Amino acid sequence: MPLRPGILRSAGAPSASRSSRPPGKTRRRGSTFRAAATLLAALCLPPVLAGCTTLETTAPSAVRAEGATGTEAAFGTVDCRRAKCVALTFDAGPSENSPRLLDILKEKQVPATFFLLGKRHIEKYPELVRRMAGEGHEIASHTWDHKILTELEPDEIREELRRPNEEIERLTGRRPTLMRPPQGRTDDTVHEISRELGLAEVLWSVTAKDYTTDDSALIRRRVLDRTGRDGIILLHDIYDGTVPAVPGIIDALKKRGYVFVTVPQLLAPGRAEPGEVYR
């Protein structure tokens, strides 16, 4: 139900009180990461986003309505006020699967938004970060070490967000303006620190839950069943089943009349504001 123009109430990340326990780490690949994500999905019924309470988020259409000027898209000019747009987003890379994904996106002339991890990802594959930026994709942050931000102290949150920003800027010449909190978990403290660092938070409206399966056909079907106009699609190129599903997702959505854009293009002629949350 709308709260006010441009604001939606959705299943989102909790604003729970902060714990004094030591911050936990989420491994980005392997059975531990997959099992934790599956458990989260089972505990929160039925979430579109990870998390169990409500969160105010702003819809892309509301941002566009407030904008005054156009924007140039990396793959041609797209006006999402008129076109039926969707945004492909990929979390937790770069990985050994990213070169194949980039080949697919280049072949099909589709831009994406990459929410990159720092530790063991940006630092391991700097050439892929440069390639992503060089081929016109939007480079954003998914924190340094995938720690759950709502479980950290303010200085720890700041460090998790600062380090990938600096590395991405060093590699690409452009500092990120977008951030996706791990598991979609955020609260007022995260908003405030994101504002301080010039970051807007971007969640998602479509998830294939590719952390639960390597079945590419199932991943493709989940995306196609749930995608509508202004969809922000969450995928992870770190999982073996995801990249093989991407060509079919792109082809099927194009046949339905969708145009692929980056998240900033989806919001244009408006723009994401630091400290705000978009879905």
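Helices here are DSSP runs of at least four residues, numbered from the N terminus. With that in hand, here are the close-ups, all taken from a predicted model.

**View 1. Helix H6 holds a salt bridge between Arg 162 and Glu 159.** Both residues sit in helix H6, which covers residues 154-172. They are 3 residues apart, or about one turn of the helix. Look for the closest N and O atoms of Arg 162 and Glu 159: they come to 2.7 Å from each other. Neither partner is tucked away fully, since a residue has to be under 20% relative accessible area to count as buried. Arg 162 comes out at 27% and is partly exposed, and Glu 159 is partly exposed too, at 33%.

**View 2. Arg 162 also meets Glu 166 in helix H6.** Stay on Arg 162 and follow the helix to Glu 166, where the two side chains form a salt bridge at 2.6 Å, N to O. These residues are 4 apart in H6, so about one helical turn separates them. Glu 166 has a relative accessible area of 36%, which makes it partly exposed. Elsewhere, Asp 79, Arg 81 and Arg 82 are tied into one network by salt bridges that share partners. As background, side chains of opposite charge can pair when their charged atoms come close.

**View 3. Asp 91 and Arg 180 make a buried salt bridge.** Here the closest N and O atoms of Asp 91 and Arg 180 are 2.8 Å apart. This pair brings together distant parts of the chain, with the two positions 89 residues apart. Asp 91 belongs to strand E3, while Arg 180 is in the loop between strand E6 (178-179) and helix H7 (188-196). Buried or exposed, where does Asp 91 fall? Asp 91 is buried, at 3% relative accessible area. Arg 180 is buried as well, with a value of 0%.

**View 4. Strand E3 is largely enclosed and pairs with E10, E9 and E4.** Strand E3 runs over residues 84-93, and 9 of its 10 residues are buried, so the rest of the structure largely encloses it. Which strands line up with E3? One of them is E10 (residues 258-261), parallel to E3 over 4 bridges, and in that pairing Cys 85 stands opposite Val 259. Strand E9 (residues 231-236) also pairs with E3 in the parallel sense, this time over 6 bridges; there Ala 87 has Ile 232 as its bridge partner. Strand E4 (residues 113-116) runs parallel to E3 and is joined to it by 4 bridges, with Gly 93 opposite Leu 116.

**View 5. E3, helix H3 and E4 form a right-handed β-α-β unit.** Start on strand E3, go over helix H3 (residues 98-107) and finish on E4, and you have traced the right-handed unit. The two strands of the unit are also bridge partners, running parallel with 4 bridges between them.

**View 6. The whole chain puts the close-ups in context.** Zoomed out, the chain has 10 helices and 11 strands. Of its 279 residues, 54% are buried. Among contacts with a separation of 6 or more, 80% are between residues 24 or more positions apart. The accessible surface is about 11,800 Å², with carbon and sulfur atoms making up 50% of it. The salt bridges in the structure number 18, and the ones shown above include Asp 91 with Arg 180.

Key
Residues numbered from 1 in each chain as written. Predicted model: local features only at pLDDT ≥ 70, side-chain atom pairs only at ≥ 80, totals over all residues. Heavy atoms only, no water. Buried < 20%, exposed > 50% of the residue type's maximum accessible area, 1.4 Å probe, protein only. Pairing = 2+ DSSP bridges. Right-handed = clockwise from strand over helix to strand, strands pointing away. Contact = heavy atoms within 4.5 Å. Areas by Shrake-Rupley, 256 points an atom, 1.4 Å probe, with all protein chains shown as cover. Salt bridge = Lys/Arg side-chain N within 4 Å of Asp/Glu carboxyl O.
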